[in-house]
Amino acid sequence: MGPFERLLHPRVYLPFGVTLAALVFAICWWLPLAAQISIVIGLLSMLIVVTGLTLQKVRSRDAENEAMATLIALASDPEILGRHKLIADSLKSISQRKDSIYRELVLKQLSVLADHSRRLANGSIDYPSTEAWRVVYEELLRSPGLYLYRSVSHIESAHYWQDGPGQQSTTLNIELHDAGIVNIERTAIIADHLWPQDELFPVEPVHAWLKQQYMHGIWIKLARESQLAGERELVSDFGIYGSRAVGMQLADAAGRTIRFELCFDFERVKQAEGIWERLQVFATSYRDLLDRST
């Protein structure tokens, strides 16, 4: 601790301040009012400066302590610690560039990265491309300890899961279910134009897609979207991976996946399970439909 820091230490300046105030008060007692006011103003100015310097030092020390606490917390996770160093080194390099336009653009990008980091910290990961999602989808379904996969398919297009990646995922579902690795259950919410009220089954190729899975023992239930008119919060497209994670899918008008959010937050998983259970009230099993057709 340097001499200036020792001077700013509360154990030094508080007793000194009290003594000085008493001394000034004694002197000012005999001075004219104008002189007293000048002295008081001067003392207040000194007090404000000293207080500001003290607060600045305290905040600086708090920041140093927080940074050290972060490094200590990350020390047990070398993989995250390595990423932390890469990010910190990048920020250090950025801070050394003084171009005002560059800094403005970088700060905007860093704000986006900060928001993204907060989402990651909350357990949510976004996949904007279909291929990236399919890779993660397979990794999850093949992950050790996963024995149950429950899927809600919101089908608004006859081409739902009919493209290459969709067919690959269907094949993967059948493969894992046939091998007894994962038990798969699927509830399909089907738009009314794809399942007319006077038809027992949905139109092709939606019907063929569902039937193919049923023939391999996958548990299939169906509900017309109009049945959920009073329960719009149930109309969604997601998959529940055991009690581990929930994946939300957003498809375009052609039934192709355009965005996928994977969330490892337990509360989100519980919410998805609640929607799943409520959907079963409205859904009809594919087996029952087959019985009606005979």
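## Overall picture

A residue counts as buried when its relative accessible area is under 20%. By that yardstick, buried residues make up 32% of the 294 residues in this protein. Please keep in mind as you look around that this is a predicted model.

The chain is built with 10 helices and eight strands. Looking at contacts between residues at least 6 apart in sequence, 71% of them link residues at least 24 apart. On the outside, the protein exposes about 18,300 Å², and 62% of that area is supplied by carbon and sulfur atoms.

## The nonpolar cores

The largest nonpolar core holds 36 residues, and Ile190 and Tyr241 have the most contacts inside it. Many elements give two or more residues to this core: the helices are H6 (130-141), H7 (164-178), H8 (206-215) and H10 (286-293), and the strands are S2 (148-155), S3 (183-190), S4 (219-224) and S7 (257-263). The largest share, five residues, comes from H6.

Ile190 is a good place to zoom in. Leaving aside neighbours within four places in sequence, Ile190 touches Ile155, Trp195, Pro202, Val206, Leu210, Leu222, Ala223, Arg224 and Glu225. Apart from the largest core lies another one, of 13 residues, including Val152, Ile189, Leu234 and Val235.

## An enclosed cavity

Searching the whole structure turns up one cavity of 30 Å³ or more. The largest cavity contains about 80 Å³ of space. Its lining has 15 residues, and those nearest its centre are Trp133, Tyr149, Asp237, Phe238 and Gln249.

Two or more lining residues come from each of H6, S2, strand S5 (238-241) and strand S6 (245-251). S2 gives the most to the lining of this cavity, with four residues. By class, the cavity lining has nine nonpolar, five polar and one charged residues.

## The second largest pocket

Now for an open site. The second largest pocket has a volume of about 290 Å³. Its lining is formed by Ile87, Ser90, Leu91, Ile94, Leu110, Leu113, Ala114, His116, Ser117 and Leu120. The elements that give two or more residues to this lining are helix H4 (78-95) and helix H5 (100-121), and H5 provides the largest share, six residues.

As for chemistry, the lining of the second largest pocket has seven nonpolar and three polar residues, with no charged ones. Among the polar residues are Ser90, His116 and Ser117.

Note on methods. Residues are numbered from 1 along each chain as its sequence is written. This is a predicted model: local features need pLDDT of at least 70, side-chain atom pairs count only at pLDDT 80 or more; totals for chains, interfaces and linings use all residues. Side-chain values use heavy atoms; hydrogens and water are left out. On a 1 Å grid over the protein atoms alone, a cavity is a set of points where a 1.4 Å probe fits but cannot get out, and a pocket is an open set with protein on both sides within 12 Å along at least five of seven lines; lining residues have an atom within 4 Å of a point. Grid points are joined across faces, edges and corners, and a volume is the space filled by probe spheres set on the points. A nonpolar core is a set of buried Ala, Val, Leu, Ile, Met, Phe, Trp, Tyr and Cys residues joined through side-chain atoms within 4.5 Å. Buried means under 20% relative accessible area, exposed over 50%, partly exposed in between (1.4 Å probe, protein chains only). Contact means heavy atoms within 4.5 Å. Accessible areas come from the Shrake-Rupley method with a 1.4 Å probe; for residues, only the protein chains shown count as cover.
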